[in-house]
Amino acid sequence: MGMKELIIDYVKDEYLEEGDETEINEGTPLISSGIVDSFSMVSLKMFLEKTYNISIPDERATTEAFDSVNGIISLVKEFAPGAE
Amino acid sequence: MAYSDKARDFYQKELLDIREGGLFKEERYIHSPQGVNVDVEFPADSPPKKVINFCANNYLGLSSHPEVVGAAHKGLDARGYGMSSVRFICGTQDIHRELENKLTKFLETEDTILFPSCMDANGGFFEAVLTKDDIMIADRLVHASVIDGMRLCSAQRDSYKHSDMKHLESKLGQYKDARFRMVITDGVFSMDGDIAKLDEICELADKYDAMVMVDDSHSTGFMGKHGKGTHEHCGVLGRIDAITTTLGKALGGASGGCVSGRKELVEMCRQRARPYLFSNTMPPVIVAAASTVVDLISQTTERRDKLEWNTKYFREKMTSAGFDIREGVHPIVPIMLYNAKLAQDMARDLFQEGIYVIGFFFPVVAKGQARIRVQLSAAHEKEHLDKAIAAFTKIGKKYDILGKGKDDIIAMYGL
């Protein structure tokens, strides 16, 4: 599974209620739309750090950077250049 | 003048956006004491209309109760109007500590500290007891003031899906390396009137060595056999580490709040909670009246029993009438309408029928979850409830929603 699919699956599982069919793709606003609450962004950060064996500094884990799967992928690739 | 045209234009545009977004909040002037029968001026400048109030947090009907008003008068005479001080300089009277002790006894905790409001209790609590080495894990539907308090605290923050114990457990497992874990929830959630699974939360807290904090504002005074709150209702008296609650709802409805729980946590609030340290003390008149309220509800369960009866009766009759109601046992009764305009239109028509209720819609509740929230009181008599049921039925027929569920209503009115 590629990085995009992996992150989308995590977001759906972690943030959508059971039966919620909201479509999430790489460009879907996550935080500004209310799908991801800014409080539990920390678990998304932990998931990325564990999955890609990286450490994202708190000052880079902003609501803007985490607001779409595309944004998250760019951030991860910055710290794990080889990750796909 | 520093208030430039640029600033004025900016704020005027913001206010216009709020209005155009249908989110502009307008006050309705009440020309009578708070109670079941109120005289409401709405729209502004129209003559006050007599309506039955079904939207106050006056759960026990004590807001204008003669004994409470009498106690306020006595308190005013005996201890004066204001204290002109924060608590720790010269703002603590004997009656402040007496009320704290009464609340401790009633809630069956170890100690209590008063705050100017429960918003302030929630705003000050977390910062006073947790640091960056700790993790706060909150239900995703906790009250805005709990969220604000968590934001002011340097501890890590995470959340779990609403009342999802499996999700909470996975979160507790994730943070086992933190110094302290704290599970945070409302006792009763204000929009649906649903009750936190405090028994299961306490089990998980024991298993993962976590503290439990509950905002019990919509519960203190009437949930549980003796009205102690959600912790009594769920059979976990003595197991909640910190309860925040308000004196502004069932307990007389004036103002004030508290943190009640483990004595060390309460003492930390006394030393470090900023809204306690830097805000004026609760006025003696409110302390005196609240103290009488705690006496009243400690002596008899008559009022909470009546509220329980009213709740059961209203829920049963409204369900029989064909309304789509969130099931439950709480006097918050959400009449589900799903469509924001339908909720607003029905609330307006009900007001014309003499029933004062409010429609709630996004962003106060999730999109597509618009409803009228009915709040029952021990001060309602059966005839008040019957009038409301009759009016709801009349208006429900007008909009042809009786006997219809979510899909049918959405098909007719959209989301």
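**Exercise 1. Is B:Tyr338 buried or exposed, going by its C-beta neighbours inside 10 Å?**

Solution, step by step. Before you start, keep in mind that this is a predicted model.

- Step 1: Find the residue. B:Tyr338 belongs to strand E11 of chain B, which covers residues 332-338.
- Step 2: Count and compare. The cut-off for a buried residue is 20 or more other C-beta atoms within 10 Å. B:Tyr338 has 24 C-beta neighbours inside 10 Å, so it counts as buried.
- Step 3: Look at the backbone too. The phi of B:Tyr338 is positive, about 70°, although this residue is not a glycine.

**Exercise 2. Describe B:Glu108 by its phi, its place and its exposure.**

Solution, step by step.

- Step 1: Begin with phi. B:Glu108 is not a glycine, and yet its phi is positive, at about 60°.
- Step 2: Place it in the chain. B:Glu108 sits in a loop of chain B, between helix H4 (94-107) and strand E4 (111-115).
- Step 3: Use the neighbour count. A residue is exposed at 12 or fewer and buried at 20 or more, with partly exposed in between. B:Glu108 has 16 other C-beta atoms within 10 Å, so it is partly exposed.

**Exercise 3. Find the buried residues of helix H6 of chain B, and say how they are arranged around the axis.**

Solution, step by step.

- Step 1: List them. Helix H6 of chain B spans residues 144-151, and its residues B:Ser145, B:Val146, B:Gly149 and B:Met150 are buried.
- Step 2: Look down the axis. These residues cover an arc of only 140°, so they lie on the same side of H6(B).
- Step 3: Ask what lies over them. The cover includes helix H5 (118-129) and the strands E5 (135-139), E6 (156-160), E7 (181-186) and E8 (210-215), which belong to chain B.
- Step 4: Check another residue of the helix. B:Ala144 is also in helix H6 of chain B. With 11 other C-beta atoms within 10 Å, B:Ala144 is exposed.

**Exercise 4. Work out how H5(B) and H6(B) pack.**

Solution, step by step.

- Step 1: Take the geometry. The axes of H5(B) and H6(B) are 7 Å apart, and the packing angle is about 30°.
- Step 2: Name the arrangement. Angles under 35 degrees count as roughly parallel, and H5(B) and H6(B) are therefore roughly parallel to each other.
- Step 3: Add the hand. H5(B) and H6(B) cross in a right-handed way.
- Step 4: Name the residues that meet. H5(B) brings B:Cys118, B:Met119, B:Asn122, B:Gly123, B:Phe125 and B:Phe126, while H6(B) brings B:Ser145, B:Val146, B:Asp148, B:Gly149 and B:Met150.
- Step 5: Sort them by class. This contact of H5(B) with H6(B) has 6 nonpolar, 4 polar and 1 charged.

**Exercise 5. Now try another helix pair, H14(B) and H15(B).**

Solution, step by step.

- Step 1: Locate the helices. H14 of chain B runs over residues 340-352, and H15 of chain B over residues 382-398.
- Step 2: Read the angle. Their axes come within 10 Å and cross at roughly 135°.
- Step 3: Name the arrangement. At this crossing, H14(B) and H15(B) are therefore oblique to each other, and the crossing is right-handed.
- Step 4: List the contact. B:Met346, B:Asp349 and B:Leu350 of H14(B) touch B:Ala391, B:Phe392, B:Ile395 and B:Lys398 of H15(B).
- Step 5: Sort by class. In this contact of H14(B) with H15(B) there are 5 nonpolar, no polar and 2 charged residues.

**Exercise 6. Find two cis peptide bonds in chain B and place their prolines.**

Solution, step by step.

- Step 1: Go to B:Phe42 and B:Pro43. The peptide bond between them is cis, and omega is near -5°. B:Pro43 lies in the loop between strand E2 (37-41) and strand E3 (49-53) of chain B.
- Step 2: Go to B:Phe362 and B:Pro363. They are joined by a cis peptide bond with omega about 10°. B:Pro363 falls in the loop between strand E13 (358-360) and strand E14 (370-375) of chain B.

**Exercise 7. What is B:Gly227 in contact with, leaving aside its neighbours within four places in sequence?**

Solution, step by step.

- Step 1: Find the place. B:Gly227 is in the loop between E8 and helix H9 (230-233) of chain B.
- Step 2: Judge its exposure. B:Gly227 counts as buried because it has 26 C-beta neighbours inside 10 Å.
- Step 3: Name the partners. Leaving aside neighbours within four places in sequence, B:Gly227 is in contact with B:Gly221, B:Phe222, B:Ile297, B:Thr301 and B:Arg304.

Terms used: Residues are numbered from 1 along each chain as its sequence is written. Chains are lettered from A and ligands numbered from 1 in the order in which they are written. This is a predicted model: local features need pLDDT of at least 70, side-chain atom pairs count only at pLDDT 80 or more; totals for chains, interfaces and linings use all residues. Helices (H or I, at least four residues) and strands (E, at least two) are DSSP runs, numbered from the N terminus. The arc is that of the directions from the helix axis to the C-beta atoms. Two residues are in contact if their C-beta atoms, placed from the backbone, lie within 7 Å. Axes are lines fitted to C-alpha atoms, for helices over the stretch in contact, and angles run from 0 to 180 degrees between N-to-C directions. Angles under 35 degrees count as roughly parallel, over 145 as roughly antiparallel, 65 to 115 as roughly perpendicular and the rest as oblique. A crossing is left-handed if the near helix is turned anticlockwise from the far one by less than a right angle, and right-handed if clockwise. Ala, Val, Leu, Ile, Met, Phe, Trp, Tyr, Cys and Pro count as nonpolar, Asp, Glu, Lys and Arg as charged, and the others, Gly among them, as polar.
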